[in-house]
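Thanks, everyone; I would like to take a few minutes to walk through one model, beginning with its aromatic rings and ending with its sheet. Please keep the structure open while I talk.

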Amino acid sequence: MAIKKGDLVHAVREKLENSLEATASDTRFPPYLFDSKGEVVDLRGDYALVKFGKVPTPNIWLRVDQLEALK
């Protein structure tokens with residue numbers, strides 16, 4: 001199923017930790033990326049802008065294949 005705006009998602013740890021993006025910055029990802037619900041607020045190409053609302057954090061761009069839609 002394709003991810004679209006408004007979907008609730010979380011990051012898939014295995015896909016994010018082994019990604020090219022992970023090697024470009026700090027690889028210690030905060031637990032909320034994997035444990036809490038984020039909302040897709042924008043899509044551009046292969047990337048989605050995700051807002052995690054339960055914690056005061058900035059929105060983050062993640063590749064769509066690194067996300068899993070919640071049911």
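Before I count anything, let me fix the term: rings of Phe, Tyr and Trp, the last taken by its six-membered ring, are called a pair if their centres lie within 6.5 Å, and a pair whose planes are over 60 degrees apart counts as edge-to-face. Please also bear in mind that this is a predicted model.

With that criterion, a search of the whole structure returns two aromatic pairs. In one of them, Phe 29 meets Phe 34 edge-to-face, with 6.4 Å centre to centre and 85° between the planes. As for exposure, Phe 29 is partly exposed at a relative accessible area of 22%, whereas Phe 34 is buried, with a value of 10%. The other pair is formed by Tyr 32 and Phe 52, and it too is edge-to-face, with 5.3 Å between the centres and 70° between the planes. This pair links distant parts of the chain, since Tyr 32 belongs to helix H3, residues 32-35, while Phe 52 belongs to strand S3, residues 47-52, and the two are 20 residues apart. Phe 52 is buried, with a relative accessible area of 2%.

What lies over the face of Phe 34? That is Arg 13, placed at 4.0 Å from the ring centre.

Let me turn to Ser 36, which lies in the loop between H3 and strand S2, residues 38-44. Its side chain reaches back to the backbone oxygen of Tyr 32, at 2.7 Å. Leaving aside residues up to four places away in sequence, Ser 36 touches Val 9, His 10 and Phe 52, so that both members of the second ring pair, Tyr 32 and Phe 52, appear again around this serine.

That brings me to the sheet, which is open and has five strands in the order S4-S3-S2-S1-S5, with antiparallel pairing. Which strands stand at the edges? They are S4, residues 60-63, and S5, residues 67-69, and because each has a single partner strand, one side of each is left without a neighbour in the sheet. From one strand to the next, the twist averages 50°. S3, the strand that carries Phe 52, is joined to S4 by four bridges, and these two strands run antiparallel. Within this part of the sheet, Val 50 stands opposite Ile 60 in S4.

Conventions. Residues are numbered from 1 along each chain as its sequence is written. This is a predicted model: local features need pLDDT of at least 70, side-chain atom pairs count only at pLDDT 80 or more; totals for chains, interfaces and linings use all residues. Side-chain values use heavy atoms; hydrogens and water are left out. Rings of Phe, Tyr and Trp (its six-membered ring) pair if their centres lie within 6.5 Å; planes under 30 degrees apart count as stacked, over 60 as edge-to-face and the rest as tilted. Buried means under 20% relative accessible area, exposed over 50%, partly exposed in between (1.4 Å probe, protein chains only). A charge sits over a ring if NZ of Lys or CZ of Arg is within 6 Å of the ring centre and within 35 degrees of the ring normal. Two strands pair if DSSP finds at least two bridges between them. Axes are lines fitted to C-alpha atoms, for helices over the stretch in contact, and angles run from 0 to 180 degrees between N-to-C directions. A polar contact is a pair of N or O atoms within 3.5 Å; within protein, one must be able to donate a hydrogen and the other to accept it, and residues adjacent in sequence count only if both atoms are side-chain atoms. Contact means heavy atoms within 4.5 Å.
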